[in-house]
Each structure stands twice: as C-alpha cells, then as structure tokens.
Amino acid sequence: MRESTFNELADLAQRVTGQHFAPSKAYLMEARLSAISRRENFATLDDLVHCLKARPNPRFEQEVAAALTNKRTRFFREKDLLDQIVSHALPQRLKLSNSGRLRVWCAGAGTGQEAWSIAMRIHEDVGSPLAKADLEIIGTDVSANSVEAAKQGVYGHFDVQKGLSIHRLMTHFNRQESGDWAIADKFREMVHFRRHNLMHPAQDLGLFDVILCGNVLDSLTKTARQDVIENMARQLLPDAYLFVAPTESLESAAPVIKPSREMRGAYVKDTPGKKTAAA
Amino acid sequence: MMKQCLIVDDSRVVRTVAGRIISDLSFSVKEAAHGAEALEICRHSMPDAILLDWNMPVMNGLDFLRALRREENGRDAIVVFCTNENDSEHISEAIRAGANEYIMKPFDAEIVESKFAEVGLL
C-alpha cells in the first residue's frame, strides 16, 4: 500500500468513526478491507482509494470506514463485567424503577456476541428479580454488515467455541443443517440491533439504565473518545451506569462522567453539585 | 508442578498439533492412539486433563470415557472431547457419559484455550 493510500484511509477512518491508525497498523487496514476489495474487484487498496476519490460516493465511503473498525469480539468476553451488570447494576436499577422497565445499550456491539451474552447471563440467573423485569437490550454498530449478522444471530463453528461453554451452546442455541448455530428464539424479543455511529448523538436510541461500551474507546483519537463518551453520557438515565472494559480507564477522558462510588467498574454521569454518584 | 494432559487421537497430525497448543498452555503432554492405550496410561497415572477423539480403532472415545468414569479415581480427570462428530445428539451423548467440555474439529489454539478455561484448567 502506498503511503498516500494509507494516509487517505487513516483520514477517512478518523473523520467517520474517530478511529486512530498508526502507520504500523497498515496491515490491519489491508485485512479489514480485503472483503470489500474482493467484492468490488480492486486489485489493491490503492485502486480502492483511487475510486473513492475519483467517484465520490458517501454510502461507499461510510461502508469502507465501517469496515475499518475492529470486528474482533467473542461471547462472554468480559465475564466479570457481565456478572457485575447482571448481578448488581441491573437489580439495583430495578429497585429504582417504577415501571419495571430496564434498558441496556451495547455500544459498538459488532456481530452481537456481547448483547446475546448479556441476555444469556440474565436468563441463567434463576430466581433473580430481573426475571420479572421488562428488559430491552439494544446492540448498535456502525457497520451495516455487522448489524445484519447480529440480527440473524447465527454463528459459525469457530465463533461458538470461543467464550461459550458446551453447556451454554446446547442450552441457548439450535444447530442448523448448515452446521452453524442459531441463538434460541427465547432471546430474540429481548435483544435488538440497530446501525449507529457512536460519533453521532444518540437521542434516537432513548435513555438507558446501563450502557456497555467494551473494547471500543482505545482505538479512538482523544477527541473522538471524548465525543463518544459525551454522546453516551447524554443517554444515561439519572444515576444509570456506563461500563467499559477493565483495560480502558476513563480517568481524565471526559469531564462528563466519573467513577461510581457504589458500583465497581462503573461510571456515572457527573452532575455538578450532586454529592452521591448513584441512588 | 505442571499439569498433565493426555491427548487421545488416532491421527498423529492431530496429536502433534494439539500437543503444541497444549504445551504452550504450560501442560506436560502424553499421547495415546486409542482408548485402550489411554486407559492403561490413566490406570498408571491419572492426568489432569484428557483431550479425547471419538472415532478410533480398538476402543473409541465414548467407550473409553465410560470405562474411565468407572475407574477408582476416574472422575478426577477433566475430559474434553475433540471430534468431528459435531451434531447435538453426539454432544448430548458425550455429556451424559461424563464429558466436561466438547471441541468440534477443526479447532485452533484460541478454541482449546477457551475450552480449557471453561473447565477451570487455566
């Protein structure tokens, strides 16, 4: 790949999804764009960039930028975080809810594994107060292809063997004739997926009791990181929780949130003048 | 002390590939080409983990597992099936016979690591 091609693609990624690509990550660009290149019959990424410049097409540009995002995910990737959300954060939020309605946003959900994992984990908590809650889990991703795959909830041989025990696979999935595994229908009413760019305001998604944004923020520029955190913070209900992966500290990332005093690993909206972090 | 894993598979290639992956997970590895050979090894020294193929000559994986679980300390070993038999019926049968986990071939290092972690071997 020419240096100018790398620069064009890095600029595109930064402009559309806020991602930062160091020159040492050029190989990642080639890997992530290989499917689009093949489909469009581009021999090289230089040809792809030439096409982007010669025949500007906002839709294709968005697709390329979305393809450059990290799709690497797996079921139950952050087990401790899921336990914290399902065993503590959501029951705590349920106590404060008059309607019994709870909403969870998986931001940057990729092909859906994390959102389905939360649903499975909730289902397994026999006797939990959450059994009576009206729960909605929304997974969003900037990639239309990822959102479509997430909605289908059908996963291949390799995907279902990473992070899922055989017990969970047999309990929560149905094997298809193709050899793929489909998430059981019992979860499909609770979990929905939508295309959304975290760089954009998210008021259309509504307000949430818990937002989980795992392994997304580290790939963003500092400015994009702040914008994304602010966009998510605006969608938190009063005293609701934002969770990020344990490796992603949000200290000094954005002044709009602060660590929760009551909920380990969670952040809450920083409301000036308010002394307690959560009710 | 290193944990021990016995790899039971009639394919030398699979034993070699799996052996490298499992050695990288800090296990010492022994090999057997069929269930009867594996049972002899287990009677002499019970491993912590057994990676077990289904279809093998002399004694298949399922018969080995049933025999193992009848041994005096045969419930101590964690058994992870690793087989081409990828349908629900085979998986259910393996679990009923006492398998702790199940790997569907083909596999890679990440799958073995994930499955070993699921059963507390890592």
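The following exchange asks how the descriptions of this predicted two-chain model are reached.

Me: What kind of model is this, and how are its residues and chains labelled?
Reply: It is a predicted model, in which local features need pLDDT of at least 70 and side-chain atom pairs count only at pLDDT 80 or more, while totals for chains, interfaces and linings use all residues. Residues are numbered from 1 along each chain as its sequence is written, and chains are lettered from A, with ligands numbered from 1, in the order in which they are written.

Me: How do you know whether the radius of gyration of chain A agrees with that of a compact globule?
Reply: The radius is taken over C-alpha atoms, and the globule rule is 2.2 Å times the number of residues to the power 0.38. For 279 residues the rule gives a value near 19 Å, and chain A has 20 Å, so the two agree. The C-alpha atoms of chain A fill a box of roughly 55 × 55 × 30 Å along the principal axes, and chain A holds 10 helices and 10 strands, where helices (H or I, at least four residues) and strands (E, at least two) are DSSP runs numbered from the N terminus.

Me: What does the globule rule say of chain B?
Reply: With 122 residues the expected value is near 14 Å, and chain B has 13 Å, which agrees. The elements of chain B run β-α-β-α-β-α-β-α-β-α from the N terminus on, and its C-alpha atoms fill a box of roughly 35 × 30 × 25 Å along the principal axes.

Me: Why is A:F76 called buried or exposed?
Reply: A residue is buried if 20 or more other C-beta atoms, placed from the backbone, lie within 10 Å of its own, exposed if 12 or fewer, and partly exposed in between. A:F76 has 22 other C-beta atoms within 10 Å and is therefore buried. A:F76 lies in the loop between α5 (58-67) and α6 (79-96) of chain A, and has a positive phi of about 50 degrees although it is not a glycine.

Me: What makes A:D239 count as buried or exposed?
Reply: A:D239 has 20 C-beta neighbours inside 10 Å, and therefore counts as buried. A:D239 is placed in strand β8 (residues 236-244) of chain A, with a positive phi of about 65 degrees although it is not a glycine.

Me: Why are α2(B) and α3(B) called roughly parallel?
Reply: Helix α2 (residues 35-44) and helix α3 (residues 61-70) of chain B pack at an angle of about 25 degrees, with their axes 9 Å apart. Angles under 35 degrees count as roughly parallel, over 145 as roughly antiparallel, 65 to 115 as roughly perpendicular and the rest as oblique, so α2(B) is roughly parallel to α3(B). Axes here are lines fitted to C-alpha atoms, for helices over the stretch in contact, and angles run from 0 to 180 degrees between N-to-C directions.

Me: Which residues of α2(B) and α3(B) meet, and what makes such a meeting a contact?
Reply: Two residues are in contact if their C-beta atoms, placed from the backbone, lie within 7 Å. B:G35, B:A38, B:L39 and B:C42 in α2(B) meet B:G61, B:D63, B:F64, B:A67 and B:L68 in α3(B).

Me: How many residues does each chain give to the contact between them?
Reply: Chain B gives 15 residues and chain A gives 10 residues, and α5(B) supplies the most to the side of chain B that touches chain A, with 5 residues.
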